[in-house]
Amino acid sequence: MTTTSDRTAARDTQRGDGAATSTSIPAAGVTPPMPEGEVRVDVADLSHQLLGRWADLRAKARATAGEERFQRIEGLSLTEHRERVMDQVKQLVEIGQVHRGFPTRLGGQDDAGGNLAGFEELVAADPSLQIKAGVQWGLFAAAILHLGTPEQQDRLLPAAMDASVPGAFAMTETGHGSDVASIATTATFDPATQEFVVHTPFRGAWKDYLGNAAVNGTAAVIFAQLVTNGVNHGVHAFYAPIRETTPDGAAGAFLPGVGGEDDGLKGGLNGIDNGRLHFTHVRVPRENLLARYGQVAEDGTYTSPIDSPGRRFFTMLGSLVQGRVSLDGAAITASKLGLTTAVTYGNQRRQFNAASPVDEVVILDYGTHQRRLIPRIAQTYAMHFAHDRLLDLFDLVFSGENDTPESREDLETMAASLKPMSTWFALDTLQEAREACGGAGFLTENRITSLRADMDVYVTFEGDNTVLLQLVAKRLLADYGKEFKDISPGQMARFVVEQAADAALHRTPLKRAAQTIADVGDPRRAAGHLKDVGNQRELLTDRVETMVADVAAALRPAQKATPEKAAELFNEHQHELIEMAKAHADLLHWEAFTQALETIEDAGTRQVLTWVRDLFGLTVIERNLAWYLINGRLSAQRARIVTGYIDRLVARLRPHAQDLVDAWGYGPEHLRAKIASGAEQVRQDEAREYYRQLRASGDEPVSEKSIKAREKAAAKAAARGGSKIARR
């Protein structure tokens, strides 16, 4: 099996014209020769660094994802795909892939961060396997772990951990997706029997889109409104069996009172048996209320260590944040897979005789092709480094090293910032990669279309992206409000004056005129300003701070308005809230990238990655040029230079494109794309050699176009000769 390092070594044996020297390994792509003394990426060293804090675990999980037994087989029927994925889940148990995040007393290793680092790699095998594993261990078992008491963990977790009890995570309802607090399923305590009566009151309260619900699940963690002694204490989680277990351990018929349906064929992730569940007065023992954050005594008295119902609800849901964290990492991996395929193919595929009468051009040498792929490489690196910081924060919280309400809130906000951006980016990038590979990209054998289909729903589950960004925006506004909580009237007056001065400076021609004078018409000075790390930080940070201040001012009247007027005002500014949260996420990505550069020891690698960071930062600014111009942060001249300098960076990074994607460390066993296997290089070399021999033999047919060109030239020469004779 060919590895990434093999591909890089093979590529380095190639000459600049793309003709391969003798090697038994197909080249990954044609990297143009670089000038003497030009910097190079140390691919092996960078690849190891990118594995991050849990390098050994991630590498092991990546190797597992590359094994044939875990790889997706295209073209399977719905039933076959589901059966294969369920069998793969059992194999993951056998090789000990999935228990690191669970307590040591139950056979785990209490390694929350390492567990997620390995789990994310499964997307390279089959996204259905990653999500099926996520349902079993990241949702069903994790709910028992994080919402249950130690006794409940000891009693219920072992069967969830070894998948002898496949489980569903029954939270989402047909009528309430993102609004979990409003779900309609009830769990009413009956003191006479010491049971909760779980009931679905109407069709919209059916639990929906649940993995393991259609076929495999024999138990579920059910989220319902806990009612006792006539009081609704809000959403809580209950463990309940939902199906019989057959003698061979498979799921049988629904238990009395439980019903459901198969969601059927979906737009992607068809290895997962998503389905619906409903409950008709199903009785659940009192001891199966997952009681870490809320308990009910025998007489029906409710108690909780968290007095505030709102804070209790968000604490319970916050304990399940690992789903968003892992989706962020998985989406980034999918983008890496698509870009590696597209860049590798672009370095081999030739089209059009633009610069040579005998050789076609490698398509990655075209400016438009570079522009569509290389900035995406830069953004993927930025997202990778931000995800590393997210994983570190997740581990700090869930290891108990720094588990405070503040750190949990920071974790939830960061996850809600990054997951939307990476999942949207993955969809867009896979589509761009597909188009960059032409018709070949549309073939299932090259995997990009399947990956994109599977990634589609990532923008919806574990929190709809738009809703998550609204949560981020509210946190930004809350933090902004805290800054002014104890401000004196005099300080507020000074702030208002400063804001007015800022508007006068930035939103009138004064600041832009100053930039133009400073640049004195020299594009190099403007470019120098833009590539300065301090100026990039200022431009990105200032945008977030200004947007927060503007939205906060616009929403301030809501504090004294009626609920109806407040909701109307919030709705009017929803778009600005979302854009503000996106700007915040862009800043998180840029800051993480900048911080990561400090850890790169190899000078050549650090220089190339600095260009990559600059490309990412300037691409964000270019995407939002209208804001920077309207708000006076950039002059027209500097705005024009942004695009020009991006083009220069893209051209500068073109020779490094293959190194940058190879450093991600995904080999043919992960890509599984024929166009990225070296086959295209073999075809191109065969064609070039054929035409070379044909030209050398003298048997090459003469083109009609060349004959007509010669005839036209001869006619012109004859006409000139005739005119000379006439003049004599």
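Let's start with Arg-371. At 27% relative accessibility, Arg-371 counts as partly exposed, because the buried class stops under 20%. This is a predicted model, by the way, so keep in mind that each value here is computed from predicted coordinates.

What does Arg-371 meet in a salt bridge? The partner is Asp-647, and the N to O distance is 2.9 Å. Asp-647 belongs to helix H23, residues 636–653, while Arg-371 belongs to helix H10, so this pair ties together parts that are 276 residues apart in sequence. Asp-647 has 36% relative accessibility, so Asp-647 is partly exposed too.

Stay on helix H10. A second salt bridge involves Arg-376, this time with Glu-432. The closest N and O atoms are 3.5 Å apart. Arg-376 lies in H10 and Glu-432 in helix H11, so here the tied parts are 56 residues apart in sequence. Buried or exposed, these two? Glu-432 is buried, and Arg-376 is buried as well.

That pair has company. Arg-372, Arg-376, Asp-428, Glu-432 and Glu-435 are linked in a network of salt bridges. Across the model, the count comes to 44 salt bridges.

Now a quick check on helix H11. H11 covers residues 405–436, which is 32 residues. How far apart should its ends be? At 1.5 Å a residue, the expected span is 46 Å. The end C-alpha atoms are 46 Å apart, so the two values agree. Why 46? The rule takes one less than the number of residues, times 1.5 Å. Just after H11 comes Gly-438, with a positive phi of about 60°.

Next, the nonpolar core. The largest one has 164 residues. Which residues have the most contacts inside it? They are Trp-137, Phe-223 and Tyr-381. Helix H10 comes back here. H10, residues 367–398, gives this core its largest share, 14 residues.

Take Tyr-381. Leave aside its neighbours within four places in sequence. Tyr-381 is then in contact with Leu-46 and Leu-50. Phe-593, Leu-609 and Val-612 are on the list too. So are Leu-660, Ala-663 and Trp-664. There is also a second, separate core, of 24 residues. Among its members are Ala-168, Ile-222, Ile-242 and Ala-291.

On to the sheet. It is an open sheet of 3 strands, in the order S4-S10-S9, with antiparallel pairing. Which strands stand at the edges? S4 and S9 do, S9 being residues 258–262. Each has a single partner strand, so one side of each is left without a neighbour in the sheet. From one strand to the next, the twist averages 20°.

How many bridges join S9 and S10? There are 5, in the antiparallel sense. In one of them, Gly-260 has Leu-277 of S10 as its bridge partner. In another, Glu-261 is partnered with Arg-276. On the other pairing, S4 and S10 share 2 bridges, also antiparallel. There, Leu-210 stands opposite Gly-275.

Look at S10 itself. How many of its residues are buried? The count is 5 of the 5, so S10 is largely enclosed by the rest of the structure. Both faces are covered. Gly-275, Leu-277 and Phe-279 are on one side, Arg-276 and His-278 on the other.

Arg-276 deserves a second look. Its relative accessibility is 19%, so Arg-276 counts as buried, because the cut-off is under 20%. Arg-276 also forms a salt bridge with Asp-208, with the closest N and O atoms 3.1 Å apart. Asp-208 sits in S4, residues 207–210, and Arg-276 in S10, residues 275–279, so the pair ties together parts that are 68 residues apart in sequence. With a relative accessible area of 2%, Asp-208 is buried.

Last stop, Gly-604. Find Gly-604 in helix H21, residues 603–623. At 13% relative accessibility, Gly-604 counts as buried. What does Gly-604 touch, not counting residues up to four places away in sequence? The answer is Val-39 and Arg-40. Gly-604 and Arg-40 are 564 residues apart in sequence, yet their C-alpha atoms are 5.2 Å apart in space.

Conventions. Residues numbered from 1 in each chain as written. Predicted model: local features only at pLDDT ≥ 70, side-chain atom pairs only at ≥ 80, totals over all residues. Heavy atoms only, no water. Core = buried A, V, L, I, M, F, W, Y, C linked by side-chain atoms within 4.5 Å. Buried < 20%, exposed > 50% of the residue type's maximum accessible area, 1.4 Å probe, protein only. Helix = DSSP H or I, 4+ residues; strand = E, 2+ residues; numbered from the N terminus. Contact = heavy atoms within 4.5 Å. Salt bridge = Lys/Arg side-chain N within 4 Å of Asp/Glu carboxyl O. Pairing = 2+ DSSP bridges. Axes fitted to C-alpha atoms, helices over the stretch in contact; angles between N-to-C directions.
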